[in-house]
Amino acid sequence: KTSGSIGASTSAPRESCLQTAGWPGSRMAVCHSQLDIDGLLGCGDEDAADRRPAAPHRLCRRLALGAVLLTAGALAAAAVGAGGCRLGEGGADVGASVGLDSRPPSAEDPLKILFVGNSFTYGPADYRSPEKQNNLPRMFKLVAESLGHPVDWEEDTIGGCSAYAHRPSANPSGRNCLDAKANCSAVHSNWVKLSDECTVNGGITWWPDSSPCPQAFERQDFGSWDVVVLQDHSLLPSVPDALKSYFLPASREYSRVLKGSGRKVTYRFGEPLLASYMTWGYYDGVKDLCPGPSGNPACYPLGELDTFVPNCSKNRSWHDTVETHACQSYSLARGYSESLTNGARVVVPAGLAWEAARGSAPLPEVCRAKIDSAYGGPGRLAGLELPLRVQDQSYARFKGSEAHRLYRDKGPTYTSPYCNDGCHHDHHASAQGMYLNALVFYATLFKSSPIGAAFPQGQTVGGMVLPTIDAADAEALQHIAHDVVLPHLNVWWSGSAYVGEEQIPHVAGSRDIAPPSGFRASKPALMDDI
């Protein structure tokens, strides 16, 4: 077995393994032996042992040395003895690996949830603690299990990518990426092993802290999904024609496949749900006249976002809808809410919670009217007085320049294009911002108060050490999520039951087509993915 970190030197055995796996050498970080005991236990290399929990069917598949019966204790001992799956250091591991689960006892079955998105889901770390990602799925698990609701989760995330590129029809299982006709790449990242057999389409690139695995949707490693979450590029839902061509077709496809799975199982909500993850506006809105490049162009086979905003450098019609953080937030909310008539059953209003946290001024009517006009009206958000407010305004503790704390700090040498006051953050969520998102997810899906939930204090969840936030911020964020979500559940849960593709009206301007074969792109120059 050969192992190492990103950028490790190449050896002959490693190159041989790369060729066997169909992997471009430039993307490979660690090479696994096909016959090492760690691989058989689903544990990966020693560096990766604390990273990603092994899913049940993968573990069974890898125990290929014969019919071996192991108790959970014996399996744990074998794994630790092999340098494999061990509980993470630095705190109790919540649902660690290989059947070891330290979540609190609960009479209910775990919520089975898949998160599909990009870096607004997997959460890049800030510069102070590069090993501690601001990861939404793990923070959601922390919150839910601290309040008595067990969670089994998977993550399919690719930085800078569209939800459209993750679609099951574009990512079949069992592809041999050594075959040029397959036009795909085998995935290996910090959290996805080659033995996980995850692939993405040719030209798509990913970052080490993401978890690219479009095949997770159909594999359903924990059983049929109760909830599948879709999240898109940070600007795409604010571009109506791009929304209609990319996100809404993806939403309809995921919903159709979920409803047509044919499995006779009992679902948490009576049926499998598609949830739209409504993201947040930038600190000071969008300053560029055009949406700009994605950083991962192969994820946009119908064209980058600028394609859907003709003459954007001269025509301000799109820019006027995203120029301030309040307008951008509403533009994103309005776009994501369209999914409620395109397959999604529920929308998770994280972006609107950010505006409440910031104590934003009332949304200008001219901005709201212009955004609504692209959709023929306010849709499911009609009647909401925006921004939504936290009842006790002392909890809106991210007003003014304090809002910087909701965004990921990239360090004093970073010159930020997202503000004009000398800030050093980008548009990703900080630990506080992502914790707020996790609380909003909890309140929305469980229709329950998140007040009193655990908060990130360096716990290890799913093999990842979480960052730390203080108790005062945690209390405020819990109240914000409570007051944004619970009074308006009828809005967030207003999606229509999906009954078939032929009964969903065609949206003007949409292009429901598959990506062209052979579409490839070079790796983006910027690591600051979206």
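Mentor: Let's start with a rule for angles between axes: under 35 degrees is called roughly parallel, 65 to 115 roughly perpendicular, over 145 roughly antiparallel, and anything else oblique. We will use it on a predicted model.

Trainee: Thanks! Before that, how many helices and strands does the protein chain have?

Mentor: The protein chain has 14 helices and twelve strands. Of its 530 residues, 59% count as buried. About 19700 Å² of the chain is exposed, with carbon and sulfur atoms supplying 54% of that area.

Trainee: And among contacts between residues at least 6 apart in sequence, what share joins residues at least 24 apart?

Mentor: That share is 76%.

Trainee: Now the helices. How do I describe two that pack together?

Mentor: The general idea is that two packed helices are described by the angle between their axes and the distance between those axes. Here, take helix H10 (residues 350–357) and helix H12 (residues 431–446): their axes are 9 Å apart, at an angle of about 125°. By our opening rule, H10 and H12 are therefore oblique to each other.

Trainee: Is the crossing of H10 and H12 left-handed or right-handed?

Mentor: H10 passes H12 in a right-handed crossing.

Trainee: Which residues of H10 and H12 meet?

Mentor: From H10 come Ala 350, Ala 353, Trp 354 and Ala 357, and they meet Gly 433, Leu 436, Asn 437 and Val 440 of H12. H12 also lies across strands E2, E6, E7 and E8, and it runs at about 155° to E8.

Trainee: Those strands bring us to the sheet. How do I read one?

Mentor: In general, the strands of a sheet pair through backbone hydrogen bonds, in either a parallel or an antiparallel way. In this model, five strands make an open sheet with the order E3-E2-E6-E7-E8, and the pairing is parallel. E3 and E8 (346–348) are the edge strands, each pairing on one side only. From one strand to the next, the twist averages 25°.

Trainee: How many bridges join E2 to E3?

Mentor: Seven bridges link E2 (residues 111–117) with E3. You can follow them residue by residue: Leu 114 has Glu 154 of E3 as its bridge partner, and Phe 115 has Glu 155 of E3.

Trainee: What about the pairings further along the sheet?

Mentor: E2 and E6 pair over four bridges, and Ile 113 is partnered there by Val 227 in E6. Four bridges also join E6 (residues 227–230) to E7 (residues 273–277), where Leu 230 stands opposite Ser 276.

Trainee: How do I tell which way the side chains of a strand point?

Mentor: In a regular strand, the side chains alternate between the two faces of the sheet. In E2, Leu 111, Ile 113, Phe 115 and Gly 117 point one way, while Lys 112, Leu 114 and Val 116 point the other way.

Trainee: Are those E2 residues buried or exposed?

Mentor: All of them are buried, on either side. Remember that buried means under 20% relative accessible area.

Trainee: How many of the seven residues of the edge strand E3 (residues 151–157) are buried?

Mentor: Seven of its seven residues are buried. Val 151, Trp 153, Glu 155 and Thr 157 lie on one side, with Asp 152, Glu 154 and Asp 156 on the other, so both faces of E3 are covered.

Notes: Residues numbered from 1 in each chain as written. Predicted model: local features only at pLDDT ≥ 70, side-chain atom pairs only at ≥ 80, totals over all residues. Heavy atoms only, no water. Buried < 20%, exposed > 50% of the residue type's maximum accessible area, 1.4 Å probe, protein only. Helix = DSSP H or I, 4+ residues; strand = E, 2+ residues; numbered from the N terminus. Pairing = 2+ DSSP bridges. Contact = heavy atoms within 4.5 Å. Areas by Shrake-Rupley, 256 points an atom, 1.4 Å probe, with all protein chains shown as cover. Axes fitted to C-alpha atoms, helices over the stretch in contact; angles between N-to-C directions. Left-handed = near helix turned anticlockwise from the far one by under 90°.
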